[in-house]
Amino acid sequence: MSELKYLFGPAPSRRLGRSLGINIVPAKICSLDCLYCEVGKTKTTTIQRKPYYKASDILKEFKENFNKFEDLCDTVTVTGAGEPTLNSELDKIITGIKELTDKPCAILTNTTTIHIQEVYESLLKFDIVVPSLDAVTNDIFKAVNLPEKSIDTANIIAGLEKFSKEYTGKLFVEILFCKDVNDSRENIDNIIKVLKNIKCSKVQLGTIHRPPAYSTAYPVTDEFLLDTAKDLLMNNIPAEVTGGFASVYKSSASLNLHDLIPSLLKMRPCTLLDMSGVFGKNEREIKESVNKLVIENKIKAIEYNHDTYYTII
Ligand code: SF4
């Protein structure tokens, strides 16, 4: 398989099943610079929408390669190592994908553009939308997400509320907590107030699992996440705690791990166990390909939280 530019994975996920990723913006074209970002710091945050990658190129690669992944994935997920809604051809992309597959299409968004009418309308076309909402006041939002200066949480909240009432697909709101940044009682109470007005399928609570962009960012405890989930449930908000990569599946399909591993690591650092879960292969098989890629200087190992992660060079 020639090296893919836009498609990556598929990766197993509790909410999306086996998800084939489509990266529609270049690395770190993003409106935020989240402390916990797995793909490094954002040099310059931007809210400008542009055809960073052309819809025609993305759809061409999808059309030519999707058959190799079709049996390996349950969902097609538009995402990126940046904010996918900043691609101004998002509408052409979702329309084109829907013409090429009946699989459910999901998008992961940081929600900063949801109030823009064109983005709003494109998001309605997805079967699953996963917006993040780590804070609902500008001070805490700035501390955890380091946004582009014109972004205001009031627009995000109003956009998400309106969207949730019109949208008929599955809406999974994602909240990521960083210790001593957005885990205060005050932030949780404010988030609960906002969530009460958002009609969503589930709120998913998580924390840092992989090396973060800022080494000063730390995870909260599992106990904190469980207590917060209980708080939300007490307020009639459907909530659950999420982990790192979800359950491991086994695949007997023949995969070109030498090409697939770098394309996965472009998106996030992974352990051998993560990769084993993603590709459905045992760790020994993964390790052989990983060792080869390390020798070829394509990927490298880094230590984080008592685990060895591999990342692209
Ligand atoms: S986590 Fe997502 S939204 Fe935050 S900086 Fe990274 S790519 Fe952007």
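Me: How many bridges join S1 to S2, and do the two strands run parallel or antiparallel?
Reply: Strands of a sheet pair through backbone hydrogen bonds, in a parallel or an antiparallel sense. In this predicted model, S1 and S2 are antiparallel and are joined by 5 bridges. One place to look is Ser13, which stands opposite Gly17 in S2.

Me: Where does S1 stand in the sheet?
Reply: Start with the strand order. The sheet is open, has 8 strands and reads S1-S2-S3-S4-S5-S6-S7-S8, with mixed pairing. Strand S1 (7-13) and strand S8 (239-241) are at the edges; each has a single partner strand, so one side of each lacks a neighbour in the sheet. From one strand to the next, the twist averages 25 degrees.

Me: Is S1 mostly covered or exposed?
Reply: Count its buried residues, taking buried as under 20% relative accessible area. S1 is mostly covered, with 6 of its 7 residues buried.

Me: Which strands show the parallel sense?
Reply: Strand S2 (residues 17-23) runs parallel to strand S3 (residues 75-79), and 5 bridges join them. Among these contacts, Ser19 has Thr75 in S3 as its bridge partner. S6 and strand S7 (residues 202-207) are also parallel, over 6 bridges, and there Phe177 is opposite Thr207 in S7.

Me: What does the chain pass through between S6 and S7, and is the crossover right-handed or left-handed?
Reply: The chain leaves S6, passes through helix H6 (residues 185-195) and enters S7, a right-handed β-α-β crossover.

Me: What lies on the other side of S6, and why is S6 called largely enclosed?
Reply: Strand S5 (residues 128-131) pairs with S6 in the parallel sense over 2 bridges. Ile128 stands opposite Lys170 in S6. As for burial, strand S6 (residues 170-177) has 6 of its 8 residues buried, so the rest of the structure largely encloses it.

Me: Which residues other than glycine have a positive phi?
Reply: Most residues other than glycine have a negative phi. Lys28 is one with a positive value, near 65 degrees. Leu146 is another non-glycine residue with a positive phi, about 35 degrees.

Me: Where do Lys28 and Leu146 lie, and are they buried or exposed?
Reply: Lys28 is in the loop between S2 and helix H1 (55-69), and its 13% relative accessibility makes it buried. Leu146 is in the loop between helix H4 (138-145) and helix H5 (153-166). Leu146 has a relative accessible area of 27% and is partly exposed.

Me: Which residues are around the ligand?
Reply: Lys28 appears again here. The residues around the ligand are Lys28, Cys30, Leu32, Asp33, Cys34, Tyr36, Cys37, Thr42, Gly82 and Asn110. By class, this shell has 5 nonpolar, 3 polar and 2 charged residues.

Me: What is the overall size of the chain, and how does its radius of gyration stand against that of a compact globule?
Reply: The C-alpha trace spans about 50 × 45 × 35 Å along its principal axes. For 313 residues, a compact globule would have a radius of gyration near 20 Å, and the 19 Å of the chain agrees with that. Buried residues account for 55% of the 313 residues, and the secondary structure comes to 10 helices and 10 strands.

How values were computed: Residues are numbered from 1 along each chain as its sequence is written. This is a predicted model: local features need pLDDT of at least 70, side-chain atom pairs count only at pLDDT 80 or more; totals for chains, interfaces and linings use all residues. Side-chain values use heavy atoms; hydrogens and water are left out. A residue is near a molecule or strand if one of its heavy atoms lies within 4 Å of it. Ala, Val, Leu, Ile, Met, Phe, Trp, Tyr, Cys and Pro count as nonpolar, Asp, Glu, Lys and Arg as charged, and the others, Gly among them, as polar. Two strands pair if DSSP finds at least two bridges between them. Helices (H or I, at least four residues) and strands (E, at least two) are DSSP runs, numbered from the N terminus. Axes are lines fitted to C-alpha atoms, for helices over the stretch in contact, and angles run from 0 to 180 degrees between N-to-C directions. Buried means under 20% relative accessible area, exposed over 50%, partly exposed in between (1.4 Å probe, protein chains only). A crossover is right-handed if, with the strands pointing away from the viewer, the path from the first strand over the helix to the second runs clockwise. The radius of gyration is taken over C-alpha atoms; the globule rule is 2.2 Å times the number of residues to the power 0.38.
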